Amino acid sequence: MWYLCVFYHRLLDYRKPEVESLADLFGAFEDKRRPGNRVLQWRLPQHHHPDSPFYFVDLPSEDVAENVANRSILVKGIYELWGEGGSYEELEEAVKSYPDERKLPYLGSESTFKITVDSFGKVMSLLEQNERIRGLSYIPFKGRVNLKNPDHNFWLMETDDTATNNGLPPVAQRRIFFGREVGGADRKLLPTYQLKSRNYLGPTAMDAEMAFLMANQAQAAPGKLVYDPFVGTGSILVSAAHFGAMTMGADIDIRVVRDGRGPDCNVWSNFKQYGLPMPIALLRADNNLPPWRPGLKEVFDAIICDPPYGVRAGGRKSGGRKLLKGVIGPYTVPDDKRADHIPSTAPYSLAECVHDLLDLAARMLVIGGRLVFFYPVSREEDSCEDHFPEHPCFELVATSEQILSSRYSRVLLTMVKTSSYTEELALAAWMKHLEFKENHSKWLEEGNNLHSSVFSPADVHHSGDSKLSKESKPKYRGKYV
């Protein structure tokens, strides 16, 4: 059945992948063995820009639609559409022609209801909202109005019909929608989990909204085990634990996972702050030298992480320069010094980090498990998809771009494990890694530096005439939203 899906105008590239991941989680797709088939049908309303918050989506049942809407971060609401039109006369005709057997169960005298008027691209006064509600008198509501806790929520939504450039996606013609709310996102959890009130923070702590999106992409749920090999202060695992998943993390910096800033300000205290189940374990581990015993496979249901790619923090691996160069050999730390010992580390390139991450996921994820991680790309390339890392055990099912500067962006990659790990596939993955590493080395030789390009002064625009800048209206910014 087709439903009207209304998004928040945020993180435009992330909207559809999140809905499709949640639809898969709640059983919208029958064939679980073929990730490539887990794509919903979408279509735009008439005269709407592709970045419009309004979309029609085909979902198999109302239960799936309700579960997706209630769990989503970017879906404002999913509605059973009773009618739409370019004017209120067209809307009235469409609502009257909607089948009575679909409308009457929600219009009875035994139920309560509420009508909400909303708009996109303009602001309506309370007087205008009341006028539009009175204009719906042709709908035979028999129940009582309940504004606090109604049995049924109805929404009247209208888009702006002006040609002014207000920084939003352009709409060529006004469109009006009326429908019954099936479900809607609970955005109240974002202020609850916002970083500024978090007990323990680090320079690379993941924003709460993005962390919840990553958890949705990974389909975190009760009974699943989620692992973050670059756990830091635990922001991503906090979001996974909120959705009921068991969590486990690792980090190369023992001071982060063991000490924090004291007994009441550490990774564990972040979980305690929100009343969430504590992680199963937090390890001091190096992804380049994984701690897992030989033969251990298919343990985790999802791996979610933000690998260090050199914007806010560079990657580190165990060894130190002297050890890697062979100046000194491997050594054993005396027992009396282990408590305060901080292992030496060396630089960890992006290419090597991504290869180790894919190898870890290929070994340790269950079949159908998800790997969700950020990867930086150059926006100057013709097709950034040609530079995404690959692995024969995985199928790439979703990419969501977030622009960091005019030259670079980071892409959230969602991969599903489709094949068991074997030595043959490991060899094929190594060959892909060598090709990827060669391309990455050439890219660095051309003078590219991700950190300096992201924070380039050239991306800061100053206007000499402050009055002119205030009067000029913002252009539509697309994926910068």
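Accessible areas come from the Shrake-Rupley method with a 1.4 Å probe, and for residues only the protein chains shown count as cover. The model is predicted: local features need pLDDT of at least 70, side-chain atom pairs count only at pLDDT 80 or more, and totals for chains, interfaces and linings use all residues. Residues are numbered from 1 along each chain as its sequence is written, and side-chain values use heavy atoms, leaving out hydrogens and water.

**Exercise 1. State how much area the protein exposes and what share of its residues is buried.**

Step 1. The exposed area is about 24,000 Å², of which carbon and sulfur atoms supply 51%.
Step 2. Buried means under 20% relative accessible area, exposed over 50%, partly exposed in between (1.4 Å probe, protein chains only). Of the 481 residues, 49% are buried.

**Exercise 2. Give the strand order of the 8-strand sheet and find its edges.**

Step 1. Helices (H or I, at least four residues) and strands (E, at least two) are DSSP runs, numbered from the N terminus. The protein has 15 helices and 17 strands.
Step 2. Two strands pair if DSSP finds at least two bridges between them. The order is S2-S3-S1-S4-S8-S7-S5-S6, in an open sheet with mixed pairing.
Step 3. Strand S2 (42-43) and strand S6 (144-145) each have a single partner strand, so one side of each is left without a neighbour in the sheet.
Step 4. At the S6 edge, 2 bridges join S6 to strand S5 (residues 112-120), and the two run parallel. Threonine 112 stands opposite arginine 144 in S6.

**Exercise 3. List the buried residues of helix H2 and the elements they pack against.**

Step 1. Helix H2 covers residues 62-71, and Val64, Ala65, Val68, Ala69 and Arg71 are buried there.
Step 2. Contact means heavy atoms within 4.5 Å. The buried residues of H2 pack against strand S1 (2-7), helix H1 (15-25), strand S4 (75-85), strand S8 (176-183) and H7.
Step 3. An α-helix has 3.6 residues a turn, so residues three or four places apart point the same way.

**Exercise 4. Describe the 7-strand sheet and the helix H7 that lies across part of it.**

Step 1. The open sheet runs S11-S10-S9-S12-S15-S17-S16, with mixed pairing.
Step 2. Strand S11 (281-284) and strand S16 (394-403) stand at the edges, each with a single partner strand.
Step 3. Strand S12 (residues 300-305) and strand S15 (residues 365-378) run parallel, joined by 5 bridges. Phenylalanine 300 stands opposite leucine 365 in S15.
Step 4. Axes are lines fitted to C-alpha atoms, for helices over the stretch in contact, and angles run from 0 to 180 degrees between N-to-C directions. Helix H7 (residues 208-217) lies across S12, S15, S16 and strand S17 (408-417), at about 140° to S15.
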